[in-house]
Amino acid sequence: MMAESFSPARVLIVDDDGDIRDGLVQVFERAGFCARSAANVPAMEKALAEHGADLIVLDLMMPGEDGLSACRRLAGKGGPPIIMLSALGDDADRIVGLEIGADDYLAKPCNPRELVARARAVLRRGRDASADVSSEARRFAGYRLDVARRELIDPDGVLIALSTGEFRLLRAFVEHPQRVLSREQLLDLAFANDSDVFDRAVDVQVSRLRRKLERPGQSEIIRTVRGEGYLFTPKPSA
Amino acid sequence: MGECRGLPIAAHLGLLLALAFASAFVVVLAIIVWLPPRPPDVIRADQLIDAFAEGYAQADAGAVPDNAAMRWRVSPDAPDYVMPQHGPVRGLRVTLAQKLNLNPDRIRLQADFLRGDMFVFRVRDPERRGDFHREPFGRGRDDDHHDSRETEDSESPLLAPSFNPEAIPVGPGGEPPRFAPPPPGVMLLSGFDVAAQLTDGRWLVMRQGRNWDDFAWFGRAALMAGATLAVLSLLAWWFSRRLAQPIRSFADAVQAVGVDPQSAPVAETGPTELRGAARAVNAMQARLVSLIGDRTKTLATVAHDMRTPLMRMRLAAENVPPEQRDRIVKEIGEVEALVASFIAFARDDPAEEARVRLDLSAMLQSIADDQVEAGRDVRFEGEERLIVTGQPLGLKRLFSNVVDNALKYGGVARVSLRREGAMAAVEVADDGPGVSEAEREAVFEPFVRLTRAESGAGLGLPAARGIARAHGGDVVFADAEKGALVRITLPA
C-alpha cells in the first residue's frame, strides 16, 4: 500500500507481556513490517545492536528499567523513533512521554490498526530530514506550537486549544513550511490516511485551522494555491 | 540574639517585660537627673508684704489693685480663716500692721500648707539650693486669736536684721534669678492668703497662689511619660516583629506545603513552640509525600494490571470474525472507560497542573470537533474568543466529562458559551430524559448513577464539579424545556 516500503520497515516491540508481544508482532507482520520483539530493556538493547530497528514500540511500565528512562536514553543519542505504548493513558502521562522524546504515545488498550497507522506516520516523518520537531516547540508568526502538549500559544500568550485534526494538520504544515502541499500530501502527512477515523476532508480542517489562526492585521498564514493545495507562509524557528 | 530566638515564647515575654521595666526606669531617672527640679511656688515674706501694702493702698483709694501676680478680691465680711494667728503668723501680722499702719486685728492670714503643725519653710543653709527646713508651728493653742497687744511687741522672725535686698544675686537679664538662694533668715511662703479690713469696713483679700509661671514642670512630667511611651513602643515593635516574623514565614511555608506537597520543608527556626510546630508540619509533609507516592504507584499498578489484559483481549479480537470483533471491541471500550474514569478520579489533584490563559471558545470548539470526528452529534456555538485562566488539561476533562454525559444520556450535546459579567457561562444541553430536580445534586456525588443500565462509574460529573470549583466556578443542572441542561460557570 505504501510506496516507500521497498524493504519492509523493521519494528521492534518491547513489552513485558508475552501475549501482547506476540499479538503486536502478528499485527505488524500482517501490515507488512518486519517485526521483532523484546521482553525488557536489556533484550531491546541486544536486539538493537544485532538487528537494528527503524521504529520501537515501547511499553512504559516494565520490570527493571522502565520505558520512560529507556526512551529518554534512546532519544538522547539519536536512536530510532519511538512510539510509547502505555497503560497510563492520561493526557498528563502522554505529555510526559512526548516531552522526554517519544515520537508518539498511545494508551493501552488501543486499536491495533491505529497503532500501525501511527507507526507509518512516525516513519514517514522520520524519513523527512527537515522534519525534526518531534517534541520541541516551534515558533511562527508570533505563535508557539508545543508538539508534546499539543498546545498552540497565540502572540498574546493565550492558549488556543486545537482538535486532534487541527493539531495534526498544523504540525504537518510547520514541518513542511513554505512549500505547497497538496490535499493528498496533507492527508498522508497529517491524517495517516489508512485510518477511517481521520479520513476527513482536508479543506474543512484547513478552514477551521485558519479561523483559529486568524488575527486582525496579520498576513495570511495558510494560503490557498489554486489547483495545487495549501502553502504555510511563515518560516518556523525552534 | 540569634541563639535566644530559640527560647520559648514565655521567656520572650519575660525578657520583654524586664526590658520594658528597665528602660522605663532609665528614662525617668535620666529626666530626673538631667532636667531641673520643680521650682517651689514661693515668695519671700517681704515681697508678700510689699505687694499687699501696694494693693491695699490702691483698694483704699477705690481702685482695683493692679498686681496681676496676685489674685485680689474685696468682700464685705471678714474671711473665714481657721489658722491660728499667732507664732510666726503673728510676726507676719505685726509686720503687715506696721506697714499698713493698721491694728493687727484688722489683718487675717491663711496658709495652704497647713499640715499637722508645720507650714513654714525657712532657709537654713544658703549654699544648698532647695534644702528647706520645716519649722514646727502652733506650739501654742489657738486660744489667743485676737490678742493683739501681745503680738505687737513680738519680734518678727520674718526679716532678718541682716537682710539686704541688694545682696540677692542678679541674673544676666538684670532680673533676680528665679532660684537665687534667699538670704539667711528670710521666710519663704507659698499658697498664702492675706486679708485686711479697708477703711470702709470691707475686707481686701489677696491670694498668693502657686507659681503658675513654672509650667516647665508639667512639661517635664509629660516628657517623662512621652519618652517612656516612645521607648516602650519601640521595644514592643521590635519584640512583636521578632516574634511575628518566624510565625509569618512559618504560615507561608505551611501554605506552600498545602499547595504543593513537594515544596521545601518548613524551616525549623524561631521560638521553641514554633520549632515544634514546624517539625510536626515537616513530619506531616513527609507522610503526605509518601502517601502521594503510594497513591501514584497504586494507580499505575492498577492501570497496568487492568489494561494489560484489555490490550491482550483487543489483540486477540483481531483474529475473530468482524461481527464478533465489534462486540468485543465495544465491551473492551466500556471497561476501559470505566478504568479511565476511576484512575482519573483517584489521581485528581487540582493543584498539579499550571494555570495559563486560554481561549475557552477554541477549547470547546476543539472538543466538539473531536467528537464530530468520532461520529457523534456535538455542536458548539457562542463567543468567538473568551479568555479564562485555568488548567488546560483539567478544563478539557471537565467539558469532555459533561459532553460525554450528555451524549450518553441525551444522544446529542449542544454546547454554548456566553459571557455573563465577570463569569464565562458554558451550557451543555441534550435531548435525553433530563434530570429531575430532586436528583440534581445527587448526581454530583461520586458513584451515583441514575440508571443502572448505562455504563460508567458515576465519576464524570463529580470530577467535573471538583475541577470547576478548584477554578472558582461551579457545575450545576439548570432548568430546561426538554432534556438536561448543565451549566458550567468559570471566572472570566
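How many residues does the contact take from chain B and from chain A? It takes 31 residues from chain B and 31 residues from chain A. Keep in mind for every view here that this is a predicted model.

**View 1. The chain B face of the contact with chain A.** Five elements of chain B each give two or more residues to this side: α6 (272–317), α7 (322–346), β9 (356–359), α8 (360–373) and α9 (392–410). The largest share is that of α6(B), with 11 residues. Sorted by class, the side of chain B that touches chain A holds 17 nonpolar, three polar and 11 charged residues.

**View 2. A sheet built from strands of both chains.** Here's an open sheet of six strands, running β6(A)-β7(A)-β8(A)-β9(A)-β9(B)-β11(B), and the pairing is mixed. At the edges sit β6 (137–140) of chain A and β11 (387–390) of chain B, each of which pairs on one side only. From one strand to the next, the twist averages 30°.

**View 3. Where a strand of chain A meets a strand of chain B.** Strand β9 (residues 159–161) of chain A pairs with β9(B) in the parallel sense, over two bridges. Look for A:Ile160, which stands opposite B:Asp359 in β9(B).

**View 4. A pairing within chain A.** Strands β7 (residues 143–146) and β8 (residues 151–153) of chain A pair in the antiparallel sense over three bridges. A:Leu145 has A:Leu152, in β8(A), as its bridge partner.

**View 5. A chain B helix across strands of both chains.** Helix α8(B) lies across β9 of chain A as well as β9 and β11 of chain B. The helix α8(B) runs at about 60° to β9(B).

Key. Residues are numbered from 1 along each chain as its sequence is written. Chains are lettered from A and ligands numbered from 1 in the order in which they are written. This is a predicted model: local features need pLDDT of at least 70, side-chain atom pairs count only at pLDDT 80 or more; totals for chains, interfaces and linings use all residues. Two residues are in contact if their C-beta atoms, placed from the backbone, lie within 7 Å. Helices (H or I, at least four residues) and strands (E, at least two) are DSSP runs, numbered from the N terminus. Ala, Val, Leu, Ile, Met, Phe, Trp, Tyr, Cys and Pro count as nonpolar, Asp, Glu, Lys and Arg as charged, and the others, Gly among them, as polar. Two strands pair if DSSP finds at least two bridges between them. Axes are lines fitted to C-alpha atoms, for helices over the stretch in contact, and angles run from 0 to 180 degrees between N-to-C directions.
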